[in-house]
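Colleague: Mind walking me through this model before I head back to the bench? I'd like to hear the reasoning along with the answers.

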Amino acid sequence: MTKYTDQGKQDTRSGFGAGMTELGRTNPNVVALCADLIGSLKLETFIEENPERFFQVGIAEANMIGIAAGLTVGGKIPFTSTFANFSTGRVYDQIRQSVAYSDKNVKICASHAGLTLGEDGATHQILEDIGLMKMLPGMTVINPCDFNQTKAATIAIAEHHGPVYLRFGRPKVANFTPVDQKFEIGKALMLSEGTDVTIIATGHLVWEALIAAEKLESQGISAEVINIHTIKPLDDDAILASVKKTGCVVTAEEHNYLGGLGESVSRVLASHHPAPQEFVATQDTFGESGTPDQLMEKYGLNNKAIEEAVLKVLKRK
């Protein structure tokens with residue numbers, strides 16, 4: 001049985017806000033920029049306490065990225081903030097040229113990622129952002145799983161030199177990781193050891209993976225659950241050590257199966273240890289309007305889908 005319990009549902013974007021509040025108090029070089037979404041990004045306390053270190057850019061996301069790149073020249077550590085769709089797709093050229101190519105120390109912080117954006121619909125539910133960002137040379141890509149981990153990740157990336165994409169979400173989800181757990185960029189976390197199958201999950205799907213593992217245990221199936229919060233650089237060693245033991249893997253993410261975590265895991269396995277893999281992810285499709293739970297059910301992004309994928313991959317061992 002999992003040792004993790006839901007400490008109370010909280011949204012990961014509030015974890016970002018809490019992390020920014022702490023950085024505002026501890027790191028004078030941290031500055032925040034926002035594209036007219038202060039409330040959605042939970043930046044109120046940071047702004048109240050550090051008004052001179054906040055820049056409201058308005059609905060001009062490309063300009064925000066350019067300003068952030070310029071601020072790094074003076075030694076500042078800029079955190080840009082808006083929805084994931086506007087943080088990546090809308091400003092990809094500016095990120096590529098002004099941030100990634102120039103190796104600027106910009107932290108691109110993106111809320112409302114994936115289907116769980118919900119009722120705003122397909123135009124705002126970006127499901128390709130991980131792929132876009134991980135393909136940029138030198139870009140670190142982080143997708144934490146709950147409030148506590150998002151707060152820790154926000155604080156950790158301020159100490160990491162170089163461009164970072166930090167992805168989090170809108171809905172309240174289980175908060176289950178330890179409040180004092182150290183966040184180490186590029187280091188996977190073993191949540192539950194097992195022998196029959198490896199479940200590698202990221203973001204909102206990590207808690208669903210733990211639920212699936214408990215359900216599988218009742219069927220006599222021992223599932224190993226790994227939390228990949230850093231998609232780039234990927235913890236190849238942790239993945240290989242687990243799959244060499246279990247012989248098969250299921251990856252789970254709130255993202256298109258093309259370009260996401262699952263594809264990165266496939267690269268590692270193809271290069272070092274080929275093994276059967278099933279993908280819990282959206283299948284090359286856009287989303288639609290609906291509640292987060294309705295959408296996660298319809299598009300197969302929950303513990304039931306993970307359980308079914310495990311039963312399928314076990315037949316391929």
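Modeller: What follows is a run of questions and answers about this predicted model.

Colleague: Let's start inside. In the largest nonpolar core, which residues touch the most other members?

Modeller: That core has 39 residues. Elements giving two or more residues to it include β2 (30-34), α5 (92-100) and α9 (236-246), while α3 provides the largest share, five residues. The members that touch the most others are I95, I228 and I239.

Colleague: Take I95, then. Which residues does it touch, leaving out those up to four places away in sequence?

Modeller: With those close neighbours in sequence left out, the list still has plenty of names. I95 touches I65, S87, T88, A100, I108, M133, L136 and M139.

Colleague: And how many residues are in the second, separate core?

Modeller: Among the members of that second core are C145, C248, A252 and L295. C248 counts as buried because its relative accessibility is 0%, and buried means under 20%. The size of this second core is 35 residues.

Colleague: I see cysteines there. How many disulfides does a search of the whole structure find?

Modeller: A disulfide is a covalent bond between the sulfur atoms of two cysteines. Take C109, which is buried with a relative accessible area of 0%. Its closest cysteine sulfur, in C34, is 11 Å away, so the two are too far apart for a bond. For disulfides, the search of the whole structure comes back with zero.

Colleague: On to helix α1 (residues 12-26). How far apart are its end C-alpha atoms, and why does that agree with what a helix should span?

Modeller: Helix α1 has 15 residues, and at 1.5 Å a residue it should span 21 Å. The model agrees with that, because the end C-alpha atoms of α1 are apart by 21 Å.

Colleague: How many of the residues of α1 are buried?

Modeller: The helix is mostly covered. Its buried residues include T12, R13, F16, M20 and L23. Out of 15 residues in α1, the number buried is 11.

Colleague: Now T198. Which residue's side chain does it join in a polar contact of 2.6 Å?

Modeller: T198 lies in strand β10 (residues 197-201) and counts as buried, at 0% relative accessibility. The residues it touches include E224, I226, V243 and C248. The side chain at the other end of that 2.6 Å polar contact belongs to S242.

Colleague: E224 is on that list. Which residue does E224 meet in a salt bridge?

Modeller: E224 sits in strand β11 (residues 223-227), and its partner is in helix α9, 21 residues apart. E224 is buried at a relative accessible area of 1%, whereas the partner is partly exposed at 41%. The N to O distance is 2.6 Å, and the partner is K245.

Colleague: One more bridge: how close are the N and O atoms between E278 and R316?

Modeller: This pair links distant parts of the chain, with E278 in strand β14 (residues 277-282) and R316 in the segment after α12 (303-314). E278 is buried at 13%, while R316 is partly exposed at 43%. Salt bridges that share partners join both of them with K312 in one network. The closest N and O atoms of E278 and R316 are apart by 2.8 Å.

Colleague: How many salt bridges turn up in the whole structure, then?

Modeller: Another one joins K9 and D6, with the closest N and O atoms 3.1 Å apart. D6 counts as partly exposed because its relative accessibility is 31%. For the whole structure, the search finds salt bridges numbering 13.

Methods. Residues are numbered from 1 along each chain as its sequence is written. This is a predicted model: local features need pLDDT of at least 70, side-chain atom pairs count only at pLDDT 80 or more; totals for chains, interfaces and linings use all residues. Side-chain values use heavy atoms; hydrogens and water are left out. A nonpolar core is a set of buried Ala, Val, Leu, Ile, Met, Phe, Trp, Tyr and Cys residues joined through side-chain atoms within 4.5 Å. Buried means under 20% relative accessible area, exposed over 50%, partly exposed in between (1.4 Å probe, protein chains only). Helices (H or I, at least four residues) and strands (E, at least two) are DSSP runs, numbered from the N terminus. Contact means heavy atoms within 4.5 Å. A disulfide is a pair of cysteine sulfur atoms within 2.5 Å. The expected span of a helix is 1.5 Å times one less than its number of residues. A polar contact is a pair of N or O atoms within 3.5 Å; within protein, one must be able to donate a hydrogen and the other to accept it, and residues adjacent in sequence count only if both atoms are side-chain atoms. A salt bridge is a side-chain nitrogen of Lys or Arg within 4 Å of a carboxyl oxygen of Asp or Glu.
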